[in-house]
There are 2 protein chains.
Amino acid sequence: MANILVVLEYDGTDFCGFQRQPNGLSVQECLERALLRLTGRETRVVAAGRTDAGVHAWAQVVNFRSSSRISVADWPAALNSALPASIAALEAREAPEGFHARRCAKRKAYLYRLLNRPVRSPLEARYAWHYPRPLNLESMLQALQAARGKHDFSAFARREPGDRRSPVRTLSEARCWREGEVVNVLLEADGFLYHMARSLVGTLVEIGAGARPAEDMAELLRSGERSRAGATAPPQGLFLARVDYDCEHLRASFGRKFE
Amino acid sequence: MANILVVLEYDGTDFCGFQRQPNGLSVQECLERALLRLTGRETRVVAAGRTDAGVHAWAQVVNFRSSSRISVADWPAALNSALPASIAALEAREAPEGFHARRCAKRKAYLYRLLNRPVRSPLEARYAWHYPRPLNLESMLQALQAARGKHDFSAFARREPGDRRSPVRTLSEARCWREGEVVNVLLEADGFLYHMARSLVGTLVEIGAGARPAEDMAELLRSGERSRAGATAPPQGLFLARVDYDCEHLRASFGRKFE
């Protein structure tokens, strides 16, 4: 059985997230249905990041095992013929046997897009969070600076009952910049806790709006108390932008690089 | 009665175009319904450009007459409370009595977005035409150069029966450039015939793909024969980007400037 790696782009608007859910259509379900249709076999896919409902992906990496006679070069076109318009397979390659899209991921980059102007925008509504009041990017940068590095991110995660995994993550990159009416927030880490990217952005926006000081970021990280952090930013502004692999099985980057 | 000018942004995906049609919902109908709801009066709106079904607007200019007590500064918020999410009022001002959004328009700018990569993109599908084969931008620029200036654009217009208006227009700007995976085509003219922007782009893409020589542009303009031009490019790539006024009533520009 070959271990096939596929890079996906998707519009998360109409999905309940990447992962299968009892109610609602997931990206995983669409992909596994497409694989059943193409190969005649039930095939399980694993993804680098389990994006939430409404979150988009410029580059989500998945892998699955298949004994199909579809050649690696033909996988993207085959999948695109069987996937809905909201999901596309961008590229495929054969990965070493031990490769696992999530466990082997060294780093993931998420970009959050804020539309920062007084009036709402019909042409940005699907792909940005409309924040109408002015944002002070210097305070936001100062807060992001404090969030960089290795921390316990409990204050920025919704903890699932019974979850015993460590809440410590390393944020290797955290910055924001203006591009016309859009404010981009880039977050790169070795892993993201549940709602972590959106909780960080929610808090960051409160800082940018002057509702709390930039120093709150360090204070929140120390406290570890979710109740003291800002609200979770809405999903439509968030994009899984890149996944980096650097393990014995694979050394490669998929998605966007930011200068 | 005040003459109110409003700048609109809209996502054209779900509309049958700007203008009212017997079948299908138009931007005009939504706007006139919002005005009826806000003022209690039947109000007729006039637009700078009658965009087709599926065509978007970053800046469409409309005007209407109203004796409502809504102040000019309050019109955008009032309209946005009554308009669907796919339409937004960006700004409003009181225009001189004689101002007419279409007749006074001196120049309009349309931008056409082509997604030029092998694989389709779920995140660009609503706002670009996916053209998968390579495009030679030098040939396209050469063809656009030939299209600039004052010409009879009959070869690029769907003529309505009984239409006796002149098919002569002046294309003051016509250029294209690459921006990542997107090829932008900018067209500015004193007026656009029915389907003119999309017919020009359809022909241009055939030139860029090498299916016809760049010299065809000048030849087509001379011939005036619609049947010899390229296909009409699909609507979702087209955006009304700017409207310029320079008349006795108003001298102003609304929308995007391109460097």
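Okay, let's start with two helices in chain B. Helix H1, residues 27-39, and helix H2, residues 75-82, have axes that come within 9 Å and cross at roughly 110°. So H1(B) sits roughly perpendicular to H2(B). And before I go on, remember this is a predicted model, so everything I'm quoting is computed from it.

Who meets whom at that crossing? On the H1(B) side you've got Ala34(B), Arg37(B) and Leu38(B), and on the H2(B) side Ala78(B), Leu79(B) and Ala82(B). If you sort the residues of that contact by class, you get five nonpolar, no polar and one charged.

Right, now the two chains together. How many residues of chain A are in contact with chain B? It's 18, and they touch 18 residues of chain B. Several elements of chain A give two or more residues to that side: strand S1 (2-10), strand S3 (56-66), helix H2 (75-82) and strand S4 (87-95). S4(A) gives the most, with three residues. For those of you thinking about chemistry, the side of chain A that touches chain B has 11 nonpolar, four polar and three charged residues.

So how are the two copies arranged? Any two copies of a chain are related by a rotation about an axis and a shift along it. Here, the rotation that puts chain A on chain B is 180°, the shift along the axis is 0.0 Å, and the RMSD is 0.0 Å. The copies are therefore related as by a two-fold rotation axis. If you want to find that axis on the screen, look for Arg126(A): its C-alpha is the nearest to the axis in chain A, 5.2 Å from it. Both copies use the same surface, too, since 100% of the contact residues of chain A recur in chain B.

Last bit: what's going on inside chain A. The chain is divided into domain 1, covering 2-103, and domain 2, covering 105-241. Taken over C-alpha atoms, the centres of those two domains of chain A are 27 Å apart. Where they touch, 16 residues of domain 1 of chain A are in contact with 10 residues of domain 2 of chain A. And the domain 1 side of that contact in chain A? It divides into seven nonpolar, seven polar and two charged residues.

To recap, then: a roughly perpendicular helix pair in chain B, two copies related as by a two-fold rotation axis, and a chain A divided into two domains, 2-103 and 105-241. That's me done, happy to take questions.

Methods
Residues numbered from 1 in each chain as written. Chains lettered and ligands numbered in written order. Predicted model: local features only at pLDDT ≥ 70, side-chain atom pairs only at ≥ 80, totals over all residues. Domains from an automatic or database assignment. Contact = placed C-beta atoms within 7 Å. Nonpolar A, V, L, I, M, F, W, Y, C, P; charged D, E, K, R; others polar. Least-squares fit on C-alpha atoms with pLDDT ≥ 70 in both. Axes fitted to C-alpha atoms, helices over the stretch in contact; angles between N-to-C directions. Helix = DSSP H or I, 4+ residues; strand = E, 2+ residues; numbered from the N terminus. Parallel < 35°, antiparallel > 145°, perpendicular 65-115°, else oblique.
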